[in-house]
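Biologist: Could we go through this structure together? I should like to understand its charged side chains.
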Amino acid sequence: MKMRTLLLAACLLIPAFGAVQAGEIEKPNLTLGVGGKPLLYYLPLTLAERLGYFKDEGLTVEINDFGGGSKSLQALIGGSVDAVTGAYEHTIRMQDKKQDIRAVIDLGRYPGIVVGVSKRNADTIKSVADLKGAKIGVTAPGSSTYILVQYLMMKNGMSADDASFIGVGSGASAVAAMQKGEIDAISHLDPVISKLQDMGELTVLVDTRTTAGTEAVFGGQNPAAVLYFKESFIKANPNTVQALTNAFYRTLKWLEKATPEEVAATVPQEYWLGDKGLYIKAFNASRESYSTDGNIDEASMKSALNLITTTDPKIDPAKIDLSKTFDGSFLAKAKAK
């Protein structure tokens with residue numbers, strides 16, 4: 001009788017213990033925003049999803065893909081998504097607007113953005129200085145592709161009003177806009193850039209996919225895609241934030257060792273833009289841009305701040321506390337796991 005009683009008690013305790021374990025993650029069902037998921041800029045997000053790393057951390061992540069990074073930021077501010085994989089510079093811009101947005105892991109150490117000109121205009125637009133009056137395609141106005149080309153123009157003595165910016169989206173629509181002559185130049189990412197190059201439609205002016213190209217523009221690293229949240233969400237859901245950070249850090253370490261063929265086999269085939277070989281070529285062109293440790297150092301933060309204050313002089317750098325744009329505590333725990 002005593003043995004039967006003990007077994008019954010044990011059976012009753014098992015589900016109670018399981019409930020406690022499951023309850024450790026405050027919000028296991030998450031909505032995450034991104035602005036152009038098929039782009040190689042956001043490759044770590046797709047890999048984390050496809051490799052099952054979110055599920056391994058006890059998370060169910062619904063991904064909402066918007067037309068550009070600025071739109072996913074708006075969704076976070078509006079409360080329709082819980083987290084965003086987007087440009088680090090948004091954390092700076094939002095601090096100026098009294099919105100506390102913080103990154104917890106860096107996914108891209110270089111922007112990975114290429115500014116190029118269509119073959120029809122290659123004879124007249126030979127440098128950034130020649131972009132005055134041009135129609136420039138970007139993923140979406142306000143996104144990182146838009147901000148970078150603004151920065152380059154201002155560094156060459158122009159203002160943002162000296163060109164027209166057209167949102168062309170993040171995939172086939174961007175390629176079509178160039179083919180149809182709807183734009184004279186483009187500021188965009190792979191695989192779109194490699195597709196246009198392969199078609200003979202593009203002459204590259206600036207390339208921040210590589211160490212050399214990024215240093216030529218910024219003098220050093222410049223963080224790109226990160227995982228960011230509202231600070232209020234971080235405080236309310238620390239275990240959830242930790243689980244997401246763990247999944248992304250694990251992805252970065254997988255990506256560091258993966259072959260191009262393994263990467264291409266992991267992403268959805270529609271990301272190849274109809275050509276697996278081209279996708280592999282695009283990945284190889286962008287490979288240097290991915291972070292290997294997830295960290296953002298002070299010099300990189302200052303580089304991003306300079307980009308923002310150059311393109312938006314209304315922002316006073318003295319009023320920006322860079323220590324509040326990146327919370328490295330979750331990354332440290334992910335590394336120690």
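Biologist: Is K37 buried or exposed?
Modeller: Please note that this is a predicted model. In it, K37 is buried, with a relative accessible area of 10%.

Biologist: Which residue forms a salt bridge with K37?
Modeller: The partner of K37 is E49, and the closest N and O atoms are 2.8 Å apart. E49 lies in helix α2 (residues 43-50) and K37 in the loop between β1 (29-34) and α2, so the salt bridge ties together parts that are 12 residues apart in sequence.

Biologist: And what about the accessibility of E49?
Modeller: E49 counts as partly exposed, at 35% relative accessibility.

Biologist: Why can such side chains pair?
Modeller: Side chains of opposite charge can pair when their charged atoms come close.

Biologist: How many salt bridges are there?
Modeller: The count comes to 14 salt bridges. One network of them links R93, D312 and K314.

Biologist: Let us turn to R102. Which side chain meets R102 at 3.3 Å, N to O?
Modeller: That is E231, in a salt bridge with R102. The pair links distant parts of the chain, 129 residues apart: E231 is in helix α10 (residues 231-236) and R102 in strand β4 (residues 101-106). R102 is buried, with a relative accessible area of 14%, and E231 is buried at 12%.

Biologist: What does D100 do?
Modeller: D100 meets R102 in a salt bridge of 2.9 Å, N to O. At 33% relative accessibility, D100 counts as partly exposed.

Biologist: Finally, which annotation covers residues 29-258?
Modeller: The unreviewed UniProt entry gives "domain: Solute-binding protein family 3/N-terminal" for residues 29-258. Over that range the chain is 40% helix and 23% strand.

Terms used:
Residues numbered from 1 in each chain as written. Predicted model: local features only at pLDDT ≥ 70, side-chain atom pairs only at ≥ 80, totals over all residues. Heavy atoms only, no water. UniProt positions renumbered as here; feature names shortened; annotations may be inferred. Helix = DSSP H or I, 4+ residues; strand = E, 2+ residues; numbered from the N terminus. Salt bridge = Lys/Arg side-chain N within 4 Å of Asp/Glu carboxyl O. Buried < 20%, exposed > 50% of the residue type's maximum accessible area, 1.4 Å probe, protein only.
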